[in-house]
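Me: I have just opened this entry and would like a short tour. Could you take me through it?
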Amino acid sequence: MLFLSCLLEYAIMPQERTAKRDFVAEHVRGIPRSGIRDFFDIVQSMDNVISLGIGEPGFVTPWHIREAAIYALEQGKTGYTSNLGLLKLRRAISRYVHDVFHIDYKPETEILVTVGVSEALDIALRSVINPGDEVLYHEPCYVSYHPSIQLVHGIGKAVQTVAAMKFSLRASDIEAAITARTKVLILNFPTNPTGATLGGDELEKIAEVCVNHDLLVITDEIYSELTYGAQHRSIAALPGMKDRTIFLHGFSKAFAMTGFRIGYACAPASLIEGMLRVHQYSMLCASIIAQEAAIEALTHGMDDVMAMREQYRLRRNFIVKSFNEIGLTCHTAEGAFYAFPSVRDTGLSSREFAVQLLERERVALVPGNAFGPGGEGHVRASYCTGMPDLEQAVERIARFVRRG
Amino acid sequence: MEDPLLKLLEEHALRTPDQLGKMLNCPAEEVKRRIKQYEDDKVILGYKAIINDDKLDTDLVKAVIEVRIQPEREGGFDRIAKRIAKFNEVTSLFLMSGGYDLLIFVEGRSLREVAQFVAEKLATLEGVTSTATHFMLKTYKEQGVLVDGGEEFERLKVSP
């Protein structure tokens with residue numbers, strides 16, 4: 001009898017043992033599913049789709065860079081590196097940032113090699129934000145800024161940019177959003193998804209605002225090589241700004257190395273020290289193979305960057321002109337590899353336009369509102385795809401718009 | 001600096017003036033005019049498809065021939081080189097530095113045809129002092145294009 005009751009108890013045990021709590025942290029539960037992720041699932045279920053939805057170069061990493069990675073493996077370079085990254089790579093980064101951006105960072109103390117700009121942004125925020133600190137960023141923007149701020153218990157506040165201004169940012173709009181709790185401003189020019197750039201005068205005014213309100217700037221420079229008009233300038237290069245700027249950059253876009261997951265942060269030693277504390281216990285170091293490839297990219301890769309940029313420039317001209325001919329008003333973006341045309345005249349929302357276009361013509365674009373509410377009324381079309389696909393896509397979009 | 005129009009045509013000659021105009025930010029008419037000018041000036045020598053012969057059921061034979069020639073007092077290598085260049089079998093011809101003078105690319109329908117060309121036409125030319133013929137066995141890259149591609153990998157269709 002005792003045996004039976006034990007057995008009975010055991011049989012019902014699993015049910016009693018199931019968790020009653022939701023273990024996922026509240027602030028993580030509060031993070032919405034990415035609008036892109038959502039749309040991705042629909043696209044993946046379809047065949048014969050031409051995608052202008054990708055946020056990465058359509059080029060394979062240049063062969064000599066891939067070859068350097070293979071060589072690193074052959075040489076048995078398979079271990080950890082210094083937490084900061086290989087000194088040889090940090091020296092190459094220091095030279096590159098000096099030559100291209102005219103900012104001087106010491107390889108020994110002011111440069112940290114990271115797993116892409118994504119990790120760099122995460123550890124930058126983790127190392128400077130106290131719960132409740134406010135972080136300003138401009139919208140429409142890359143999807144991860146707001147969630148990254150939320151994850152460190154900061155308060156993200158978006159400053160809107162508009163089509164009429166080619167989605168560039170005004171110092172006065174930033175100033176209007178500043179409160180006593182504002183600590184950080186995130187900049188990303190050229191911008192994903194709008195291709196916006198930030199010109200000379202306004203950049204200086206923004207720097208002025210940051211100095212006046214004692215803000216830290218985190219500048220995401222990932223698209224900086226891909227500018228087609230005026231020479232790109234980083235806010236970190238302006239007088240007095242190096243001390244209050246964390247400069248983030250990487251190899252994904254300019255060198256077509258997204259899958260290598262390699263980037264870096266440059267900042268004054270005290271800030272790098274803070275970031276290092278997070279990095280050493282979370283990531284430890286970036287992959288040595290990617291670091292070796294990055295050295296090759298910086299020392300012998302600039303010709304490839306220039307060649308790819310020229311291709312992007314021609315494709316941009318083609319797609320912007322085509323969108324305007326079709327009747328989708330589109331500004332000539334001066335950077336990155338995205339066109340951000342308006343779909344308002346079709347009477348459809350961003351999402352309706354993208355979903356119907358996908359269903360009827362099998363072309364994937366990303367609805368603009370995936371990049372924040374300010375992106376509503378637009379779609380993002382990347383022109384990093386090759387010309388044959390771009391031409392096909394434009395034909396299909398034209399047919400879709402004509403039929404209404 | 002090289003005209004981007006030439007670069008675009010070099011990559012893909014079938015692009016229409018309309019497409020080219022959109023890429024270069026200029027009217028299609030201007031593209032047509034510039035192309036005509038390049039053709040007249042012999043900057044553009046012609047347009048050809050790059051064909052992968054291995055995919056075709058042909059016995060086309062290709063060879064490169066190293067040729068030594070006796071340069072002439074007047075004109076150096078030019079007279080003989082130009083004479084050789086006129087043969088239909090010759091697809092390309094270059095004057096080279098180094099151990100020989102001319103490098104000739106030839107094509108024929110059979111081994112015999114190429115051998116005959118070398119023995120009967122080329123080696124017998126006055127001024128040609130020696131030839132070395134190398135037959136091509138397999139093509140891996142042709143005019144900048146990898147024959148088996150092999151660089152395509154399925155990217156995510158949508159990414160941030």
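Reply: Certainly. One term is needed beforehand: two residues are in contact if their C-beta atoms, placed from the backbone, lie within 7 Å. Please note also that this is a predicted model.

Me: Fine. Which residues does A:Ala124 touch, leaving out those up to four places away in sequence?
Reply: The partners of A:Ala124 are A:Ile218, A:Ile246, A:Leu248, A:Ala265 and A:Met275.

Me: And how many residues are in the largest nonpolar core?
Reply: That core has 124 residues, and A:Ala124, A:Ala265 and A:Ala339 have the most contacts inside it. Another core, of 12 residues, lies apart from it and includes B:Ile65, B:Ile69, B:Leu102 and B:Ile104.

Me: Changing topic: how is chain A divided?
Reply: Domain 1 covers 31-60 + 303-403, and domain 2 covers 77-300. Taken over C-alpha atoms, the centres of these two domains of chain A are separated by 26 Å.

Me: How many residues of each are in contact with the other?
Reply: In chain A, 32 residues of domain 1 are in contact with 31 residues of domain 2. On the domain 1 side, helix H12 (302-326) of chain A gives the largest share, 7 residues. The residues of that side divide into 16 nonpolar, 9 polar and 7 charged.

Me: What about the sheet with S9, in which order do its strands run?
Reply: The order is S9-S12-S11 in chain A, an open sheet of 3 strands with antiparallel pairing. Strands S9 (338-339) and S11 (366-367) of chain A are the edges, each pairing on one side only.

Me: Which residue in S12(A) is the bridge partner of A:Pro367?
Reply: It is A:Val379. S11(A) and S12(A) pair over 2 bridges.

Technical notes: Residues are numbered from 1 along each chain as its sequence is written. Chains are lettered from A and ligands numbered from 1 in the order in which they are written. This is a predicted model: local features need pLDDT of at least 70, side-chain atom pairs count only at pLDDT 80 or more; totals for chains, interfaces and linings use all residues. Two strands pair if DSSP finds at least two bridges between them. Helices (H or I, at least four residues) and strands (E, at least two) are DSSP runs, numbered from the N terminus. A nonpolar core is a set of buried Ala, Val, Leu, Ile, Met, Phe, Trp, Tyr and Cys residues joined through C-beta atoms within 7 Å. A residue is buried if 20 or more other C-beta atoms lie within 10 Å of its own, exposed if 12 or fewer, and partly exposed in between; C-beta atoms are placed from the backbone. Domain bounds come from an automatic or database domain assignment. Ala, Val, Leu, Ile, Met, Phe, Trp, Tyr, Cys and Pro count as nonpolar, Asp, Glu, Lys and Arg as charged, and the others, Gly among them, as polar.
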